[in-house]
Amino acid sequence: LNNAFEDQSTKSYLEFLPRILKMMRLVRLLKLSRLLKVKKAVLQSVERVIPREAAQLFGMACMACVLAHLLCCGWIFIAFTTDPQGKGTWLEAYFQDTDVIERASLDKLYLTSVYWSFSTIASSSYGDIIATNSAE
């Protein structure tokens, strides 16, 4: 008889579980609506100080920086996955060194790759950093 009672209480709890989850979703939606109201208020106050066109230009510049960063990381990733020592990749061709990985610091690799990505995005690449294998 005790097992039957425990099964019944577990069953009733499981019946209420979807309702509890729905309530939790509603609470999250309320929080989201509050955040959207705050965002709207912030945007209205910013528009009073900064013209809309300037804010859009700033947003586009930020998106270009994010895109350049992603391209940069991908460019370095492809070079390292092609050859972990950097031989036969753009690293060796640009730095003209066989021990690229040992001599070049990570920040120098990153800045060189950021330079490549910005010049590629702007389509004004000077050709000093070029792909040297089919993966690149």
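## Helix α1 and its charged patch

K37 sits in helix α1, which covers residues 2-49. The model you are looking at is a predicted one, and this residue is a handy place to start exploring. K37 has a relative accessible area of 62%, so it counts as exposed, the cut-off for that label being over 50%.

K37 also has company. Together with R19, K22, R25, R28, K31 and R34, K37 forms a positive patch on the surface. If you would like to find this patch in the viewer, R19 and K37 are two of its members to look for.

## A nonpolar patch

Charged side chains are one part of the surface story; here is another. Which residues form a nonpolar patch on the surface? They are F16, L17, I20, L21 and M24, and together they have about 430 Å² of accessible area.

Take L17 as an example from this group. L17 is found in helix α1. Is L17 buried or partly exposed? With a relative accessible area of 31%, L17 is partly exposed, because that label applies between the limits of 20% and 50%.

## The chain as a whole

Now let us step back to the overall layout. The protein chain has 5 helices and 0 strands. Following the sequence from start to end gives the pattern α-α-α-α-α.

How much of the chain counts as buried? Of its 136 residues, 15% do.

## Helix α5

Helix α5 takes in residues 106-121, which makes 16 residues. From its first C-alpha to its last, helix α5 reaches 22 Å, close to the 22 Å expected at 1.5 Å a residue.

Some residues of this helix are covered. The buried residues of α5 are L109, T112, S113, V114, W116, S117 and S119. Just after α5 comes a detail of the backbone: S123 takes a positive phi of about 55°.

## After the last helix

Two residues help you find your way through the segment after α5. A122 lies in that segment, and its relative accessibility of 47% means that A122 counts as partly exposed. Which residue is 58 residues away from A122 along the chain, with 9.9 Å between the C-alpha atoms? That residue is A64.

S134 also lies in the segment after α5. At 81% relative accessibility, S134 counts as exposed, because the label is given to values over 50%. S134 can be paired with T89: 45 residues separate the two in sequence, while their C-alpha atoms are 9.7 Å apart in space.

Conventions: Residues numbered from 1 in each chain as written. Predicted model: local features only at pLDDT ≥ 70, side-chain atom pairs only at ≥ 80, totals over all residues. Heavy atoms only, no water. Patch = residues over 30% accessible without salt bridge, like charges linked within 9 Å, V, L, I, M, F, W, Y side chains within 5 Å. Areas by Shrake-Rupley, 256 points an atom, 1.4 Å probe, with all protein chains shown as cover. Salt bridge = Lys/Arg side-chain N within 4 Å of Asp/Glu carboxyl O. Lys, Arg positive; Asp, Glu negative; His and termini not counted. Charge placed at Lys NZ, Arg CZ, Asp CG, Glu CD. Helix = DSSP H or I, 4+ residues; strand = E, 2+ residues; numbered from the N terminus. Buried < 20%, exposed > 50% of the residue type's maximum accessible area, 1.4 Å probe, protein only. Expected span 1.5 Å × (residues − 1).
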